[in-house]
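Biologist: Could we go through this structure together? I should like to begin with the terms and then turn to the details.

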Amino acid sequence: MLGTGLGIYLPVVLYVGFLVGCLLSIAWRPTIGLYILILVMPQQRLRFRIKDLPLGNHMIVLLLLCVFIGVLIRGYSFRRSNLNKVLILFCVFVFFSFWWGALSASVTAPFIERFYHWKDYMALPGLFFATSAAIRTRKQLGTALALVCLSVLLVGRGFGLEIVQHDLTHFDENKRDSGPLGLGSNNTAAFEAEMSLVLLAIAIGQKKSARKIFLYGILALSLFCLLFSFSREAYVAFLISLMAMALIRRRLLGFVVPALVVLLLAWRLLLPQAVTERISMTEDPTGQLDRSAASRLELWSDATELISSNPIFGSGYDTYEYMGRVASLRDTHNYYVKAMVETGVIGLFIFLAIVLKFFQIAWTLVKRTQDPLFSSLGLGMVICTVCIIVVNFFGDRWTYVELNGLVWVLFGLVAYAHSELDSAELAPAHQTDRAQLRGAFAERTLSRVPS
């Protein structure tokens with residue numbers, strides 16, 4: 001660990017911190033567990049080192065449960081949000097879909113393994129509700145944001161250390177690493193793309209130079225990791241989202257548009273050779289698709305047969321990976337297709353509704369306030385949502401807590417920001433009503449005094 005040799009003690013520290021965090025979340029402050037979750041969620045490889053210890057394999061869910069218990073003990077109310085009803089419907093439907101797949105005679109999938117996957121998947125909406133309820137002050141929101149930035153820094157550091165071990169003069173598949181997330185290079189690249197956009201938006205909204213330097217430093221590391229993730233989908237998603245950001249913040253158009261034009265025209269000269277080799281691999285010199293692109297087309301063609309067999313409810317949550325439909329591939333490499341295969345048109349509709357609500361609450365936060373912190377947070381989550389929409393065209397970049405846990409926490413912070421703005425808007429109205437009541441009471445009292 002940082003060359004000190006203390007890395008061997010890190011699993012012990014993590015495990016003790018997990019247990020203490022659970023107790024403190026219940027007995028003292030629910031935010032303690034939330035803060036720990038922010039730091040450890042993307043660190044799947046680190047968490048894997050304590051999975052054989054008692055309860056170690058269920059660290060995320062247990063910490064989240066303790067946050068909820070702490071919230072309920074203190075009587076904290078859950079924030080009102082346009083997302084709440086959709087998320088409750090989502091949780092109910094996925095539970096139904098899990099059992100639909102378990103009871104289906106045409107699907108043979110391990111029940112316990114699917115149950116663990118379902119449990120981790122439900123942690124995502126749980127993070128939204130827990131964050132929006134546990135965060136009670138602006139200071140706590142600032143602390144959560146700072147820890148998100150630190151968490152992104154730790155992922156970037158771990159991923160970057162893996163990258164620099166390779167000779168990056170030329171590309172080959174063996175140079176693609178998965179970083180601390182342990183989910184494969186494309187998922188880590190999606191994480192870096194999403195978080196880079198959030199960091200950029202928050203950095204733009206900062207007024208203090210020290211904070212700007214800190215955020216831009218993390219952003220530079222994340223962009224380095226994104227570049228050498230060799231993920232074409234993440235490149236596309238980042239550039240599209242960056243253009244969306246420039247359209248929202250018009251003052252950025254004069255910089256972003258020329259930069260993108262130059263990049264598109266001269267990318268072979270500007271980008272490292274290994275990256276240009278990776279981008280050029282989409283087709284070979286004869287015009288044939290490379291193996292990755294060709295396998296996706298085969299998967300999508302096969303998936304259409306499954307969709308047509310049960311278009312309403314699908315085959316059941318988390319069933320496709322056990323079907324062995326196309327060689328050893330376990331994912332449709334397009335989440336929209338996967339949602340249709342496993343959860344049918346109902347599941348796809350709910351997923352799209354959640355993404356739409358994500359965009360809506362973030363966009364509303366941008367439009368309703370001039371507060372630099374809230375506005376930049378809203379902008380970051382607007383463009384992060386655009387990135388989520390794009391990357392899920394290329395694979396399942398939705399169901400993993402390591403990849404999207406921080407996204408759901410950040411949307412919980414957006415819900416808190418809306419709640420604080422609502423309270424600020426209601427306060428003057430209450431004061432006016434009370435003044436009017438006092439005036440009416442005084443007038444009535446004076447009218448009864450004999451002249």
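Modeller: Let us start with burial: a residue is buried under 20% relative accessible area, exposed over 50%, and partly exposed in between. Please keep in mind that this is a predicted model.

Biologist: Then how does E173 count, and what is its relative accessibility?

Modeller: E173 has 40% relative accessibility, so it counts as partly exposed. E173 forms a salt bridge with R176, and the closest N and O atoms are 3.9 Å apart.

Biologist: And R176, is that residue buried or exposed?

Modeller: R176 counts as buried, because its relative accessibility is 15%.

Biologist: How many salt bridges are there by this rule?

Modeller: The count comes to 14 salt bridges. One of them joins the side chains of R45 and E162, with 2.4 Å from N to O. This pair links distant parts of the chain, since R45 belongs to helix 3 (residues 44-48) and E162 to helix 7 (residues 138-163), 117 residues apart.

Biologist: What is the relative accessibility of R45? And that of E162?

Modeller: R45 has 40% and therefore counts as partly exposed. E162 has 16%, so it counts as buried.

Biologist: Which residue meets D396 in a salt bridge?

Modeller: That is K338; the side chains of the two meet at 2.8 Å, N to O. D396 lies in the loop between helix 15 (372-391) and helix 16 (401-448), while K338 lies in helix 14, so the pair ties together parts that are 58 residues apart in sequence. Both D396 and K338 are buried.

Biologist: Which residues are linked in a network of salt bridges?

Modeller: R138, D371 and E420 are linked in such a network. R138 has a further contact to note: its charged end sits over the ring of F374, 4.8 Å from the ring centre. In a similar way, R136 lies over the face of Y76, at 4.5 Å from the centre of that ring.

Biologist: Let us change to the rings themselves. How many aromatic pairs are there?

Modeller: By the rule applied here, there are 30 aromatic pairs. F115 and W118 form one that is tilted, with 5.6 Å centre to centre and 35 degrees between the planes. Both residues lie in helix 6 (residues 111-134), three residues apart, which is about one turn of the helix.

Biologist: Why does F115 count as partly exposed? And why does W118 count as buried?

Modeller: F115 has 32% relative accessibility, so it falls into the partly exposed class. W118 has 17%, and therefore it counts as buried. Another pair, Y121 and Y317, is stacked, at 5.4 Å centre to centre and 5 degrees between the planes. Y121 lies in helix 6 and Y317 in the loop between helix 13 (291-309) and helix 14 (335-368), so this pair ties together parts that are 196 residues apart in sequence. Y121 and Y317 are both buried.

Biologist: Which residues form an aromatic cluster?

Modeller: One aromatic cluster is made up of Y335, Y336, F351, F358, F393, W398, W408 and F411.

Biologist: What about the core? Which residues have the most contacts inside the largest nonpolar core?

Modeller: They are I354, M381 and W398, in a core of 127 residues. Helix 14 gives the most to this core, with 17 residues. Leaving aside residues up to four places away in sequence, M381 touches V198, A362, V407, L410, F411 and V414. Another core lies apart from the largest one and has nine residues, among them I163, F171, F228 and V275.

Biologist: V275 sounds worth following. Which residues of helix 12 are buried?

Modeller: In helix 12 (residues 273-280), A274, V275, T276 and R278 are buried. The buried residues of this helix pack against helix 9 (209-227), helix 10 (232-248) and helix 11 (253-270).

Biologist: Finally, the chain as a whole: how many helices and strands are there?

Modeller: The chain has 16 helices and zero strands. Of its 451 residues, 51% count as buried. Among contacts with a separation of 6 or more, 76% are between residues 24 or more positions apart. The accessible surface of the chain comes to about 21700 Å², and 66% of that belongs to carbon and sulfur atoms.

Terms used
Residues numbered from 1 in each chain as written. Predicted model: local features only at pLDDT ≥ 70, side-chain atom pairs only at ≥ 80, totals over all residues. Heavy atoms only, no water. Phe/Tyr/Trp six-rings, centres within 6.5 Å; stacked < 30°, edge-to-face > 60°. Helix = DSSP H or I, 4+ residues; strand = E, 2+ residues; numbered from the N terminus. Buried < 20%, exposed > 50% of the residue type's maximum accessible area, 1.4 Å probe, protein only. Lys NZ or Arg CZ within 6 Å of the ring centre and 35° of its normal. Contact = heavy atoms within 4.5 Å. Areas by Shrake-Rupley, 256 points an atom, 1.4 Å probe, with all protein chains shown as cover. Salt bridge = Lys/Arg side-chain N within 4 Å of Asp/Glu carboxyl O. Core = buried A, V, L, I, M, F, W, Y, C linked by side-chain atoms within 4.5 Å.
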